[in-house]
Amino acid sequence: MEIRREVDIENHTFTFQQKTEKSARILEFDYKKCNGCAVCVFACPVNAIELGPVSEIATGLDAPPIILDHIKCTYCGICAAICPFKAFNFLENGEKVEFPLALVDHAKIINDKCIGCKLCQEVCPTGAIKREIEVKREDFPEKNQNLIGELKIDKDKCNLCGICADFCPAFILIEKEVGPDTIIPFDQLLFDQTQCDYCKLCEEICPEDAITVEGKRIKGQLPDVFGRVWIELDKCSHCDYCVKICPYDAVENTKTGDGDLILYEGRLHKCDPVGCAACIKICKHNKVWYVSKKDGRIAFNEDFCIYCGACEYACPYDLIEVRKDVIFTRELINIPQPWRESWEMAIERVISKERIKELERKAVSERPTLKPVEEEEREVRVSPNQKYIQQQLEKVIANLTSPKVRVLMERGKEDSVDKLLEE
Amino acid sequence: MSQSLESTSRTGVDMNIGVFVCHCGLNIARVIHIPEIVEYAKNLDGVTFVKDIQYACSDSGQEEIIQAIKENKLDRVVIAACSPKMHEVTFRRAVYQAGLNPYLVEIVNIREQCSWVHSETPRSATLKAKDLIRMGVSRAKKLKPLKRKKIPITKSVLVIGGGVAGIEAALDLADSGTKVYLVEKKPTIGGHMARFNEVFPNNDCSICILAPKMSCALTHKNIEVITNAEVTGLEGTVGNFKVTIKKHPRYVDEELCKGCISDCSSVCPVEVPNEFDYTIGPRKAIYMPFPQSTPLIAAIDREHCIGCKLCQEACEPDAINFDQKPETMEVEVGAIVVATGWKPFDARKIEEYGYGRFTNVITTYELERLLSASGPTLGQVLRPSDLVPPKKVAFIQCVGSRDEKTNPYCSRVCCMVSLKNAQIIKERLSDVDITIFYIDIRAFGRWYEEYYKRSQEIGIKFVRSRVAEVKEIEGKNLTLMYEDTLNGGIKEETFDMVVLSGGMEGGEDTQTLSTILNIPTGEDGFFEVAHPKLRPVETTVEGIYVVGTATGPKDIQDSLAQAGLAVAKILKLFMRKDAELEPYSGTVIEDQCIGCQLCMEICQAHNIIMENRKALINEAACKGCGVCAAACPTNAIEMKYFTDEQIMAQIDALGEEKNTYPLILGFLCWWCGYGAADLAGNLKLQYPPNLRIIRVLCAGRVDPEFIMRAFQKGVDGVMIVGCRLGECHYDFGNQYAIERIDILKDVLDKIGINPRRLKTLWVSAGEASIFAREVENFVVELESIGPLGEELQTIPEGGKHGDT
């Protein structure tokens with residue numbers, strides 16, 4: 001069977017292809033999504049993936065964090081199934097394959113609890129959260145004219161969810177940078193009274209009853225839910241920022257793994273958190289690392305870590321270790337196919353950070369591949385003496401029917417030779 | 001079966017012969033041009049029907065054959081397909097279903113002995129296939145209906161473990177008419193013995209003496225071989241056991257797989273150490289354990305398959321099935337034989353010897369595979385690090401035996417095994433220096449001490465010492481540190497390769513099985529027997545017997561003795577029945593017998609007596625070697641299924657057309673020569689396409705007339721291939737062949753024919769590479785001599801006369 005393998009590169013996406021007469025398998029790899037966590041390197045059952053210069057990439061080099069040998073690759077799809085950041089896409093005969101042994105991919109907004117605020121969207125490091133606002137102040141044409149009223153914001157009650165600001169331009173949120181140490185994306189809520197007509201709608205829309213307005217309620221019905229929020233799973237890194245920020249417990253997320261993140265503090269004098277910042281930069285999907293404001297040293301918040309391991313490879317000073325205890329995959333039981341055990345072993349290898357051992361070929365004689373060669377037309381040679389020989393043999397065959405000769409022959413007697421040749 | 005004997009006795013010119021040519025997917029069709037063969041067969045005399053079939057052995061293929069026989073009223077069938085060792089039984093069954101006597105089918109081997117060995121020369125392979133089919137058709141015309149003896153099946157036995165002891169017990173029981181379920185955990189039966197090279201004390205080729213038993217077990221109508229399976233439950237008591245068997249999926253359809261293995265495994269990207277080579281050679285995740293695997297069906301290893309699915313695409317007959325699930329079956333048996341065997345001691349446990357760390361430290365089991373002609377090096381002794389033959393080899397005895405830290409017991413066979421392997425290495429590499437480090441040499445059986453003596457005589461050194469440590473030094477050489485306890489002194493010596501003579505331990509599943517069957521095990525990990533002296537194969541559970549190495553280290557002969565004993569005990573339980581036998585025996589044609597008594601004189605089995613001045617053969621006892629028939633001056637002995645008439649017809653048919661030069665006719669004995677030729681096919685060894693093979697049961701069957709006739713018909717060379725001398729399956733058949741051939745060579749010489757045109761080759765069924773090489777050498781030799789008759793310097797008068 002002929003197997004063709006080729007590779008194409010366009011922008012930052014590699015397309016690896018394996019074609020046979022009966023099938024076409026495509027493995028796409030978007031290196032911008034990859035952070036060099038090496039999960040696929042350990043999982044690959046044929047060692048077709050090598051880890052690139054992750055440290056240099058973290059600090060600015062534009063290169064793929066992993067290198068895939070497309071000739072060695074078997075297109076089994078383990079890498080695609082197990083990548084925590086969905087940097088791979090695996091297609092079989094044009095269709096995306098859902099692997100039964102893939103990583104769990106569970107994160108969702110519980111609609112009953114969600115009030116449609118913007119907190120989770122603001123903090124999401126991967127932009128996986130999408131949101132649509134159902135209603136705005138400008139949807140109501142009525143406006144109080146020349147009404148002098150008063151609006152108070154109870155700072156103790158307000159959780160800076162931002163609904164009022166999305167609803168009405170009279171509210172202004174002052175943003176601040178989100179980080180693992182300070183996940184609330186806003187500093188404070190300001191009120192611009194020049195924009196306000198004291199319509200009292202904000203009083204109703206605030207989920208925390210933090211706004212009180214003296215004014216006149218204009219006509220019109222507010223919808224039950226202010227906005228709709230959802231998670232796009234193919235971007236989600238299961239970091240838990242949304243879970244941690246949501247004041248209403250409206251997000252469910254299953255991290256793809258558990259373990260320990262260890263920073264070797266004893267060697268921290270080597271660390272240059274501002275100049276290098278490789279750990280901070282490589283952890284773009286989960287934002288675990290930050291520079292502590294307290295002492296200016298590198299620090300991490302394990303709440304957001306999925307123990308992928310990228311920071312360990314990014315740190316040029318070997319200060320970080322990521323220990324994996326478990327990787328959560330989909331249900332493994334009841335998979336009849338013969339490759340289940342290999343896939344389980346792949347997951348074991350990712351946890352123990354060991355690559356598959358390559359076979360030490362102890363003793364083998366290489367066999368050439370057999371291909372038909374051009375055959376020369378060969379002459380079927382016959383000697384002109386053949387007739388004569390036939391006559392001679394005729395005589396011998398006749399003598400073989402003599403019991404006397406045969407007895408001599410069976411007893412190994414030499415004179416049987418002459419007897420056989422007698423006329 | 002009775003109806004078929006009468007219904008098909010038509011002979012002569014009005015015969016309808018059907019020829020079926022199997023593609024075997026591409027296994028045959030890739031090389032041999034099938035349409036050409038089909039057209040050719042149509043023009044052969046007597047052939048009234050020809051058809052090519054994708055897979056003749058498949059259900060639909062068989063159905064096609066059956067239909068064609070019925071519709072075209074065929075009375076002889078020729079099937080050009082794989083080796084008769086593979087599917088003769090299948091096709092006999094099919095032909096029988098069509099109403100023909102099962103012995104009226106002729107198998108023409110165009111796969112193992114043609115397409116697989118001539119992949120590079122398709123044109124010549126096609127010409128060869130034509131010759132073989134022409135010969136087959138001629139032989140088919142002379143086939144006669146034959147009758148087997150029948151036995152009703154009433155009792156059944158479960159044999160657990162398909163090693164030599166289990167196979168032996170299964171065969172003996174099956175021949176007695178007992179239904180046997182032979183359960184084997186691995187994908188093939190054969191156990192350890194199937195992987196060994198040669199076995200002491202007579203250095204028989206291990207697989208050659210075992211493979212016939214393996215294939216016999218597989219095809220025996222009373223044996224159901226269940227591979228990849230384990231016993232998981234047992235209920236009931238003696239005479240009425242109910243056994244639960246779990247059959248693990250192979251992920252390869254046993255009906256559809258053709259055993260070609262090359263297509264699927266060549267695309268498999270996963271390479272792992274082959275446990276069937278004791279890890280010294282590699283295999284793929286879809287694999288055949290070894291070339292003689294029985295059944296010859298691939299298996300997918302669920303530990304290593306990664307799911308790339310390429311094998312599924314590559315498999316032409318679509319035999320790969322990833323959705324196979326474990327099957328549970330229940331069988332009822334009257335008795336159980338446990339023959340679960342042993343496992344090799346893990347030499348890694350003795351760290352100071354460095355196995356697993358030092359490349360050139362190997363185990364005795366790995367050495368067996370290195371020495372085996374079908375092993376990873378095709379029998380070349382090469383040290384692993386650089387694949388060159390070693391110059392200096394050390395054997396360390398008692399590795400994991402007689403050692404308080406590992407196993408205190410003696411493993412009984414390792415001394416003899418090392419003596420044997422040292423002898424074999426010495427035979428193959430004459431300049432090798434071998435030292436055996438031993439505590440005591442235990443050579444305790446008949447011919448064993450003599451064997452030890454012979455080893456000393458051929459220059460193998462013996463040092464009495466338990467080696468303290470092995471160190472790896474530069475160039476991957478190894479330094480042994482030891483105390484010489486005979487001559488005294490702490491010494492060091494450097495070798496290129498060290499062989500650890502690992503002991504035998506209780507089989508992997510001994511404990512699990514002990515729980516299921518409720519039979520005890522000892523502290524050493526082997527099964528206990530009811531009494532070590534007086535009841536050596538009985539267990540504490542009546543009706544369950546343990547044989548072979550499952551009860552402790554044993555050599556093959558002891559294991560077989562135990563298997564036989566267990567069979568006797570079981571048959572004591574059951575009623576004795578007659579076995580069904582192949583009808584291959586001799587019979588005397590009274591009209592032609594002149595009472596010369598030559599046959600009686602030479603039958604070593606003493607199965608021929610004289611009655612009323614005519615020879616009389618005890619057909620029940622006759623095994624059919626045909627040595628007598630080859631000697632009979634008046635051709636008065638008919639060897640059923642291998643008659644003079646049938647073989648002569650093949651020779652004459654070959655002579656009708658000369659398609660190749662030099663043209664060689666081979667007479668190959670069924671047990672070794674034919675087996676070696678088939679194995680050459682399985683291994684895809686290539687040799688020149690000049691040989692046409694006629695199968696005989698024994699080299700001693702080859703009548704001098706056959707050879708003379710072949711030359712008379714214009715073949716350029718005749719080759720007789722039989723078992724290695726001293727290993728004849730009929731004891732002395734090949735000796736008779738040698739003596740006859742010596743005389744015939746003189747005769748040829750005197751006529752003026754170069755006697756080198758008549759060649760003998762004595763190989764084991766495992767020596768495929770020797771067979772292939774010898775065919776090649778013979779072709780070269782015959783080319784140098786020229787076509788038959790070329791060597792005559794001056795042609796006597798009569799010759800010139802004949803020439804005109």
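## Gly752 and its loop

Gly752(B) sits in the loop between α21 and β36 (758–762) of chain B. The model is predicted. Is Gly752(B) buried, exposed or partly exposed? Gly752(B) has 18 C-beta neighbours inside 10 Å, so this glycine counts as partly exposed. A buried residue would need 20 or more.

Leaving aside residues up to four places away in sequence, Gly752(B) touches Glu791(B) and Leu792(B). Glu791(B) is 39 residues away along the chain, yet its C-alpha atom is separated from that of Gly752(B) by 7.2 Å.

## Strand β36 and its partner

The loop that holds Gly752(B) leads to β36(B). This strand is mostly covered, with 5 of its 5 residues buried. Leu758(B), Thr760(B) and Trp762(B) point one way from β36(B). Lys759(B) and Leu761(B) point the other way. Both sets are buried, the lysine included.

Strand β35 (residues 717–722) of chain B runs parallel to β36(B), and 5 bridges join the two. Within this pair, Ile720(B) has Thr760(B) of β36(B) as its bridge partner.

## Contact with chain A

On the other side of the Gly752(B) loop lies α21(B). Helix α21 spans residues 733–751 of chain B and belongs to the side that touches chain A. How many residues does each chain bring to the contact? Chain B gives 78 residues and chain A gives 60 residues. The elements of chain B that supply two or more residues include α6 (122–141), α9 (262–267), β12 (271–273), α20 (704–712) and α23 (797–803). α21(B) gives the most, with 7 residues.

By residue type, the chain B side divides into 40 nonpolar, 19 polar and 19 charged.

## A parallel five-stranded sheet

Chain B also holds an open sheet of 5 strands, in the order β19-β26-β20-β21-β22, with parallel pairing. Its edge strands are β19 (361–363) and β22 (461–464), each pairing on one side only. From one strand to the next, the twist averages 25°.

Towards the β22(B) edge, β21 (residues 433–438) of chain B is joined to β22(B) by 4 bridges. Here Ile436(B) stands opposite Phe462(B).

## An antiparallel hairpin

Strands of a sheet can pair in the parallel or the antiparallel sense, in both cases through backbone hydrogen bonds. β24 (residues 478–483) and β25 (residues 490–495) of chain B take the antiparallel sense, over 6 bridges. Tyr482(B) has Lys491(B) in β25(B) as its bridge partner. The hairpin has 6 residues between the strands. Gly488(B) in this hairpin takes a positive phi near 80°.

## Helix α15 and its buried side

Helix α15 (residues 556–573) of chain B has 18 residues. From first C-alpha to last it reaches 26 Å, close to the 26 Å expected at 1.5 Å a residue. Which of its residues are buried? They are Ile556(B), Ser559(B), Gln562(B), Ala563(B), Ala566(B), Val567(B) and Ile570(B). These residues cover an arc of only 140° around the axis, so they lie on the same side of α15(B).

The face turned away from that buried side carries the exposed residues Ala568(B) and Lys572(B). The cover over the buried residues of α15(B) includes α7 (164–175) of chain B. Several strands of chain B also take part, among them β5 (156–160), β7 (198–199), β17 (335–338) and β28 (544–546).

Notes: Residues numbered from 1 in each chain as written. Chains lettered and ligands numbered in written order. Predicted model: local features only at pLDDT ≥ 70, side-chain atom pairs only at ≥ 80, totals over all residues. Pairing = 2+ DSSP bridges. Axes fitted to C-alpha atoms, helices over the stretch in contact; angles between N-to-C directions. Expected span 1.5 Å × (residues − 1). Buried ≥ 20, exposed ≤ 12 C-beta atoms within 10 Å, placed from the backbone. Arc of directions from axis to C-beta. Contact = placed C-beta atoms within 7 Å. Nonpolar A, V, L, I, M, F, W, Y, C, P; charged D, E, K, R; others polar.
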